[in-house]
Amino acid sequence: PLEEKEGEERHPTVALLTVFSGYSAESLRQLLPLMNLQISLSITSADMDFNQLEAFLTAQSKKQKGITPDQAVVLTKFWKNQKDKIRECLINQSKWENCLRKFSWRVDLKTQSRHLDQINTPVALVELELGKNDQETEFLCLELNENKVNQLLKKLTEIEESITALSGTN
């Protein structure tokens, strides 16, 4: 796949080119004359579902100097086969920081402690795997007592309420 250069603008073109890089030269020679790059970019940018795609391509084919029925068929087939790969590429391009790759947790009883009153108390063990694209991952392990778990849950509830208020959904 094509690599993004530092400071390069994230754009659907990069996603399309990444997908095209997986095609053989012969396949590209057959495919590209039927593809309309501007329309392909519009489809990619809008992340169209198949109903939206059909309506969009119908409208484009009715325009003067629009696309041909053959181009509509090729674009539909291409989008159906490559939508997930293009979407994944766009998502990966938009990640500037580490993201959560894996999350696991369990509750254990503490069997050793400097303080006797903490032995046999429940603790939550949380393991986070963080990383960016294909770079090496980092692991973060947290041990939370009951009070810390309650604080975390309270903060997560506040975040959820803020998101709900901002999105206007109930």
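Biologist: What does the secondary structure of the protein chain come to?
Modeller: In this predicted model, the secondary structure of the protein chain amounts to six helices and three strands.

Biologist: And which pattern does the chain follow along the sequence?
Modeller: Reading along the sequence, one finds the pattern α-α-α-α-α-β-β-β-α.

Biologist: How are the three strands arranged, then?
Modeller: The three strands make up an open sheet in the order β1-β2-β3, and their pairing is antiparallel. The edge strands are β1, residues 99–109, and β3, residues 138–144, each of which pairs on one side only. On average, and with direction ignored, neighbouring strands of this sheet are turned by 15° against each other.

Biologist: How many bridges join β1 to β2?
Modeller: There are 10 bridges between β1 and strand β2, which covers residues 122–131, and the two run antiparallel. As for individual partners, V107 is bridged to A124 in β2, and L109 has P122 of β2 as its bridge partner.

Biologist: What about β2 and β3, over how many bridges do they pair?
Modeller: β2 and β3 pair over seven bridges, in the antiparallel sense, and among the partners is F139 in β3, which is bridged to E129.

Biologist: Is β2 largely enclosed or left open, and why?
Modeller: Seven of the 10 residues of β2 are buried, so β2 is largely enclosed by the rest of the structure. For the protein chain as a whole, 25% of its 170 residues count as buried.

Biologist: Which helix packs on the sheet?
Modeller: That is helix α6, residues 146–167, which packs on the sheet by touching β2 and β3, and whose direction makes about 115° with that of β3.

Biologist: Switching to helix pairs, how do α4 and α5 cross?
Modeller: The axes of helix α4, residues 50–62, and helix α5, residues 69–93, come within 11 Å and cross at roughly 160°. Because angles over 145 degrees count as roughly antiparallel, α4 is described as roughly antiparallel to α5. The crossing of these two helices, α4 and α5, is right-handed.

Biologist: Which residues make that contact?
Modeller: On the α4 side the contact is made by F50, L53 and L57, while α5 contributes A72, L75, T76, W79 and K80. Sorted by class, the contact of α4 with α5 has six nonpolar residues, one polar residue and one charged residue.

Biologist: Different topic: where is D47, and what is its phi?
Modeller: D47 has its place in the loop between α3, residues 37–46, and α4. Its phi is near 50°, which is a positive value in a residue other than glycine.

Biologist: Is D47 buried, partly exposed or exposed?
Modeller: D47 counts as partly exposed, because its relative accessibility is 31% and the partly exposed class lies between the cut-offs of 20% and 50%.

Biologist: And N120, where does that one sit?
Modeller: N120 is placed in the loop between β1 and β2, and its phi, near 65°, is again a positive value in a residue other than glycine. At 54% relative accessibility, N120 counts as exposed, because that class begins over 50%.

Biologist: Last one: what share of the contacts join residues at least 24 apart?
Modeller: If one takes the contacts in the protein chain between residues at least 6 apart in sequence, 52% of them join residues at least 24 apart.

Key. Residues are numbered from 1 along each chain as its sequence is written. This is a predicted model: local features need pLDDT of at least 70, side-chain atom pairs count only at pLDDT 80 or more; totals for chains, interfaces and linings use all residues. Side-chain values use heavy atoms; hydrogens and water are left out. Axes are lines fitted to C-alpha atoms, for helices over the stretch in contact, and angles run from 0 to 180 degrees between N-to-C directions. Helices (H or I, at least four residues) and strands (E, at least two) are DSSP runs, numbered from the N terminus. Angles under 35 degrees count as roughly parallel, over 145 as roughly antiparallel, 65 to 115 as roughly perpendicular and the rest as oblique. A crossing is left-handed if the near helix is turned anticlockwise from the far one by less than a right angle, and right-handed if clockwise. Contact means heavy atoms within 4.5 Å. Ala, Val, Leu, Ile, Met, Phe, Trp, Tyr, Cys and Pro count as nonpolar, Asp, Glu, Lys and Arg as charged, and the others, Gly among them, as polar. Two strands pair if DSSP finds at least two bridges between them. Buried means under 20% relative accessible area, exposed over 50%, partly exposed in between (1.4 Å probe, protein chains only).
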